[in-house]
Amino acid sequence: MEFRKEIEVAKILIGGKVEESVVEIRYDPLTLQTSRIVKKSLNILKSEGFDEEIESSKTWCPFCEERIEAMVARDPEIMKGELWKKGECRAFSNLIPYAKYSLVIRLSEKHFLKLSEFKESHFFDAFKLVQEYIKKLPNRKLFITIGMNYLKPAGSSIMHPHIQFVATENSPDYFARIEWSSLEFMEANGKDFWLALVDREREGERYIGRTDKTEWIAAFAPKGFMHFMGIPEEREFAEMSDEQLMGFARGIVKILKYYESKGFNAFNFCFFCADRLNKHFRTNFHIAARTPFGKYYWCDVFFPKIFQDESVVFFSPEDYARELREIW
Ligand SMILES: [Zn+2]
């Protein structure tokens, strides 16, 4: 496993002085996909309130309690047209399916949550519903992801906190890459990549800490702002014990609180699930903050990501890993 990085130094003339600016190009240790860390500080964490948007979106939101029963799409087959419920969570079909099996799980009764208001039970209950659904899917190879977009900068059209479940017969591009790469890794090293990564990173400068059955690290080659990974002891999502699911829920809540303390309010996360895949693959979880939502927010996915598939970030993993480790 290699943690390769290259440095480029740019010179700029500003105010009559030459200034040097460092750019780090890092290679993902599994896929070799590059990320670019631009070390020149950019003030992206300036955010304004958006109370008006919260109030206006509440008047039509299909996930709010008073509309959800009447408005959401149902799954006629596996869920037999029912709305599945657990705690504040509600599971139903995605009105715009991304694959053969495509669900939405609403997380909270409240229409809007600050990042520090997300509770462990919101995620834990949603994960239990997802487990129940996976167990009812046909027993063949599927690529299963569970993702979350929170607020418009993260790509969410609906403010109300929700996660998405997608199970497809056709692998998403990056899922295919990590699957091939992890098969190669297993053949060469005799253990799965994620366990090897945890062994390598534990006690290192990107290690954050542990929650029940889960290890947390900052990704070496971040795919977004403050990209953290969660690696579980138990391999397949549908088979995970309550303790394992709680390990994820606790870690996510801690990270969201940290994001809020840094001025963020929007984020994405994604689980790549090992279910229906072989032993070389272990469920792995990724979370990253997005530019804060507010009146003047801008999109942090620009031409390098759209056309070159390379993420550009402005923070060093070792710096934010140290900060989060101190409060973990
Ligand atoms: Zn709502």
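This passage walks through a predicted model, from its two domains to its sheets and helices.

The domain assignment divides the chain into domain 1, covering residues 5-38, and domain 2, covering residues 51-327. Taken over C-alpha atoms, the centres of these two domains are separated by 29 Å. Where they touch, domain 1 contributes 11 residues and domain 2 contributes 16 residues. On the domain 1 side, strands E2 and E3 each supply at least two of the touching residues. Strand E3 gives the most to this side, with 5 residues. The character of the domain 1 side is mixed, with 5 nonpolar, 3 polar and 3 charged residues.

A good place to begin a closer look is the sheet that holds E2 and E3. This open sheet has 4 strands in the order E1-E2-E3-E14, and its pairing is mixed. Strand E1 (5-14) and strand E14 (311-313) form the edges, each pairing on one side only. From one strand to the next, the twist averages 25 degrees. In general, the strands of a sheet pair through backbone hydrogen bonds, in either a parallel or an antiparallel way.

Two pairings in this sheet can be followed residue by residue. E1 and E2 run antiparallel and are joined by 10 bridges; in this pairing, isoleucine 12 stands opposite glutamate 19 in E2. The hairpin of E1 and E2 has 2 residues between the strands, and glycine 15 takes a positive phi near 55 degrees there. Strand E1 is hardly covered, as the count of buried residues among its 10 residues is 0. On to the next pair: strand E2 (residues 17-27) and strand E3 (residues 34-38) also run antiparallel, joined by 5 bridges. Here tyrosine 27 stands opposite threonine 34 in E3.

A second open sheet contains 10 strands, ordered E4-E5-E6-E8-E7-E12-E13-E11-E10-E9, and its pairing is antiparallel. Its edge strands are E4 and strand E9 (207-211), each of which pairs on one side only. Ignoring direction, neighbouring strands of this sheet are turned by 20 degrees against each other on average. Within the sheet, strand E12 (residues 266-272) pairs with strand E13 (residues 284-290) in the antiparallel sense over 7 bridges. One facing pair to look for is asparagine 268, which stands opposite alanine 288 in E13. Helix H8 (residues 317-327) packs on the sheet, where it touches E9, strand E10 (214-218) and strand E11 (225-232). The direction of H8 makes about 40 degrees with that of E9.

Another helix, H3, offers a simple check of geometry. How far should helix H3 span at 1.5 Å a residue? With 16 residues (120-135), H3 should span 22 Å, and its end C-alpha atoms are 23 Å apart, which agrees.

Many contacts of H3 can be traced through its buried residues. The buried residues of H3 are His122, Phe123, Phe124, Asp125, Ala126, Phe127, Leu129, Val130, Tyr133 and Ile134. As general background, an α-helix has 3.6 residues a turn, so residues three or four places apart point the same way. Which elements do the buried residues of H3 pack against? Their strand partners are E4 (84-86), E5 (89-93), E6 (101-106), E7 (143-150) and E8 (162-168), and they also pack against helix H6 (242-261). Strands E4, E5, E6, E7 and E8 belong to the sheet of 10 strands.

Conventions. Residues numbered from 1 in each chain as written. Predicted model: local features only at pLDDT ≥ 70, side-chain atom pairs only at ≥ 80, totals over all residues. Pairing = 2+ DSSP bridges. Axes fitted to C-alpha atoms, helices over the stretch in contact; angles between N-to-C directions. Expected span 1.5 Å × (residues − 1). Buried ≥ 20, exposed ≤ 12 C-beta atoms within 10 Å, placed from the backbone. Contact = placed C-beta atoms within 7 Å. Domains from an automatic or database assignment. Nonpolar A, V, L, I, M, F, W, Y, C, P; charged D, E, K, R; others polar.
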